[in-house]
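Hi there,

I'm passing a structure on to you today, and I thought a short tour might help you find your way around. Please have a look at it here, then read on.

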Amino acid sequence: HQHYLDEIAIIESAQRTQSPIADKRSPWFAFPQDDFGAVLSGLRDEVEERAYLAIVAATEAILQVDFKSRVRARRNTLLSRTARHLVKKRTEAGKRVEVKDILDRWKDAADAKRGPISEFLQLLTYRHWLAHGRYFKNTAGVPTDPEYAFARATACLDELVRLDPAFPRT
């Protein structure tokens, strides 16, 4: 998260000062100011998309590791039983267990149709669009800035800890 903030600060500084345009050693020397601004804007968009993807993917990894740990532990809890059932069902169908499936089990266990878990699920559509080439229309319908993603991911993980203080299992 801090790396993203540092990159944005550098881009904003370059936008304010326009110093790369004035420095004869810079590849941007004498570049038209409007064009340079467009380059920086595109760079900022890419940095934000990369940060968003990293935040959501890291959260997905935490969820997958916890899920696999619950399956292996074979505890007699509702989440562990439903996790094992889900693995069996998806394996028989020749499919893998997706994060949406995992979070749907958490929502069922918590009897929560709305809230932080559902809000994180909404981020997955935009993450999917970013991760798979951006060749199709983005239909996410959620804010696409990394700060929003970070807040939703943190709220989701906090909710899972509230529901099970042993979360995440490794």
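Below are some notes on two helix stories and one residue. Please keep in mind that this is a predicted model.

Let's begin with helix 1, which covers residues 2-17 and includes Leu5. Leu5 has a relative accessible area of 32%, so Leu5 counts as partly exposed, the class between 20% and 50%. Further along the chain, by 105 residues, comes Ala110, and the C-alpha atoms of Leu5 and Ala110 lie 34 Å apart.

How do helix 1 and helix 3 cross? Their axes come within 10 Å, at an angle of roughly 170°. Because an angle over 145 degrees counts as roughly antiparallel, helix 1 is roughly antiparallel to helix 3. On the helix 1 side, the contact includes Tyr4, Ile8 and Ile11, while Phe36, Leu40 and Val47 are among the residues that helix 3 brings. By type, the residues of this contact are nine nonpolar, three polar and five charged.

Now to helix 5, residues 99-110. With 12 residues at 1.5 Å each, helix 5 should span 16 Å, and its end C-alpha atoms are indeed 16 Å apart, so the two values agree. Its buried residues are Val99, Asp101, Ile102, Leu103, Asp104, Arg105, Trp106 and Lys107. And what covers them? Helix 3, helix 4, helix 6 and helix 7 are among the elements that do. Just after helix 5 comes Asp111, with a positive phi of about 55°.

Enjoy exploring!

Best wishes

Notes. Residues are numbered from 1 along each chain as its sequence is written. This is a predicted model: local features need pLDDT of at least 70, side-chain atom pairs count only at pLDDT 80 or more; totals for chains, interfaces and linings use all residues. Side-chain values use heavy atoms; hydrogens and water are left out. Helices (H or I, at least four residues) and strands (E, at least two) are DSSP runs, numbered from the N terminus. Buried means under 20% relative accessible area, exposed over 50%, partly exposed in between (1.4 Å probe, protein chains only). The expected span of a helix is 1.5 Å times one less than its number of residues. Contact means heavy atoms within 4.5 Å. Axes are lines fitted to C-alpha atoms, for helices over the stretch in contact, and angles run from 0 to 180 degrees between N-to-C directions. Angles under 35 degrees count as roughly parallel, over 145 as roughly antiparallel, 65 to 115 as roughly perpendicular and the rest as oblique. Ala, Val, Leu, Ile, Met, Phe, Trp, Tyr, Cys and Pro count as nonpolar, Asp, Glu, Lys and Arg as charged, and the others, Gly among them, as polar.
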